[in-house]
Amino acid sequence: MSHDDFVKHIKSCVDQSSSELEDQFKAFCERCSYITINQDAGDDSFVELGKRMESFIEGDEAQNRHFYMALPPNIYVAVSEQLRRNCYSEKGNSQVIIEKPFGHDLESSVELHKKLEANWKESEIFRIDHYLGKEMVKNILTLRFGNPMFGALWDCNHIDNVQISMTEDIGTEGRGGYFDDVGIIRDVMQN
């Protein structure tokens, strides 16, 4: 995907029905940037990414950088090393955000942590599950009846229906190897 294709995709998802919204959206798109990274090509893509991020700095300002790695676990370490080498902010904060799974058992999790720790401080490593809202959804009745405000609004007079869906509309195209390693049950079924 090119940067122009990325901006076209953003535009297709946003209502720009008024000239005021159109102007705001144009300003927003000017702040958006898209770059394709080829992790297998060595540092070249990451050098380009580092230069792109540097181009956003005005004067001597600090720049905080957060790298969200929704990647197959087998490339976490290599990508994080390249990010540290080529894209680390010396004047601001840099963090890597690693989406689950963080290893497939305790041993592999500890091994991954040790490898990441070689380049990143513990305070710069965040491990998350992209489905953090699961407990809220499971406890929606508790939320309704435990909170008088919601109890008054969430009844048959104000809500026609409730739908909870997993809205991933893509299949496993290109991710078969990932699911072979991680397993579809471990990745998706708990959601």
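Accessible area, as used here, is the area obtained by the Shrake-Rupley method with a 1.4 Å probe. By that reckoning the protein chain exposes about 13400 Å², and carbon and sulfur atoms supply 53% of this area. The structure under discussion is a predicted model.

The overall plan may be taken first. The protein chain holds 10 helices and 3 strands. Read from the N terminus, its elements follow the order α-α-α-β-α-β-α-β-α-α-α-α-α. Of the 191 residues in the protein chain, 25% are buried. Among the contacts in the protein chain with a separation of 6 or more, 61% are made by residues 24 or more positions apart.

The N-terminal part offers a convenient point of entry. Helix α1 covers residues 3-13, and helix α2 covers residues 19-31. The two helices pack at an angle of about 145 degrees, and their axes are 11 Å apart. The crossing of α1 and α2 is right-handed. On the side of α1, the residues that take part are Val7, Ile10 and Lys11; on the side of α2, they are Phe25, Phe28 and Cys29. By class, this contact consists of 5 nonpolar residues, 1 charged residue and no polar ones.

Cysteine 29 deserves a closer look within this pairing. This residue belongs to helix α2. Is cysteine 29 buried or exposed? Its relative accessible area is 9%, and a residue counts as buried when that value is under 20%; cysteine 29 is therefore buried. With neighbours within four places in sequence left aside, cysteine 29 is in contact with Val7, Ile10 and Lys11. These three residues also appear on the α1 side of the contact between α1 and α2. Cysteine 29 can further be related to lysine 8: the two are 21 residues apart in sequence, and their C-alpha atoms are 9.7 Å apart in space.

Beyond α2, the chain enters the loop between α2 and α3, where glutamine 39 lies. Glutamine 39 has a relative accessible area of 18% and is buried. Apart from its neighbours within four places in sequence, glutamine 39 is in contact with Phe46, Ile75, Ala78, Val79 and Gln82. One of these partners, glutamine 82, leads to the next part of the description.

Glutamine 82 is located in helix α4, which spans residues 76-87. With a relative accessible area of 6%, glutamine 82 is buried. Its contacts, neighbours within four places in sequence excepted, are with Gln39, Gly42, Asp43, Phe46 and Cys87.

Glutamine 82 also has a part in the packing of α3 with α4. Helix α3 comprises residues 44-54, and it packs with α4 at an angle of about 45 degrees, the axes being 9 Å apart. Because of that angle, α3 is oblique to α4. The crossing of these two helices is right-handed. From α3, the residues Phe46, Val47, Leu49, Gly50 and Met53 meet Val79, Gln82, Leu83, Asn86 and Cys87 of α4. The residues of this contact comprise 7 nonpolar and 3 polar ones, with no charged residue.

Helix α4 has a further partner in helix α5, residues 106-117. How do α4 and α5 lie with respect to each other, and what is the distance between their axes? They pack at an angle of about 15 degrees, with axes 10 Å apart. An angle under 35 degrees counts as roughly parallel, and α4 is therefore roughly parallel to α5. Their crossing is right-handed. Here Tyr76, Val77 and Ser80 of α4 meet Leu112, Lys115 and Leu116 of α5. The contact contains 4 nonpolar residues, 1 polar residue and 1 charged residue.

Between α4 and strand β2, which runs over 94-99, there is a loop that includes asparagine 93. Asparagine 93 has a relative accessibility of 45% and counts as partly exposed. Not counting residues up to four places away in sequence, asparagine 93 touches Gln63, Asn64 and Arg65. In relation to glutamate 124, asparagine 93 is 31 residues away in sequence and 8.1 Å away in space, taken from C-alpha to C-alpha.

Note on methods: Residues are numbered from 1 along each chain as its sequence is written. This is a predicted model: local features need pLDDT of at least 70, side-chain atom pairs count only at pLDDT 80 or more; totals for chains, interfaces and linings use all residues. Side-chain values use heavy atoms; hydrogens and water are left out. Helices (H or I, at least four residues) and strands (E, at least two) are DSSP runs, numbered from the N terminus. Buried means under 20% relative accessible area, exposed over 50%, partly exposed in between (1.4 Å probe, protein chains only). Contact means heavy atoms within 4.5 Å. Axes are lines fitted to C-alpha atoms, for helices over the stretch in contact, and angles run from 0 to 180 degrees between N-to-C directions. Angles under 35 degrees count as roughly parallel, over 145 as roughly antiparallel, 65 to 115 as roughly perpendicular and the rest as oblique. A crossing is left-handed if the near helix is turned anticlockwise from the far one by less than a right angle, and right-handed if clockwise. Ala, Val, Leu, Ile, Met, Phe, Trp, Tyr, Cys and Pro count as nonpolar, Asp, Glu, Lys and Arg as charged, and the others, Gly among them, as polar.
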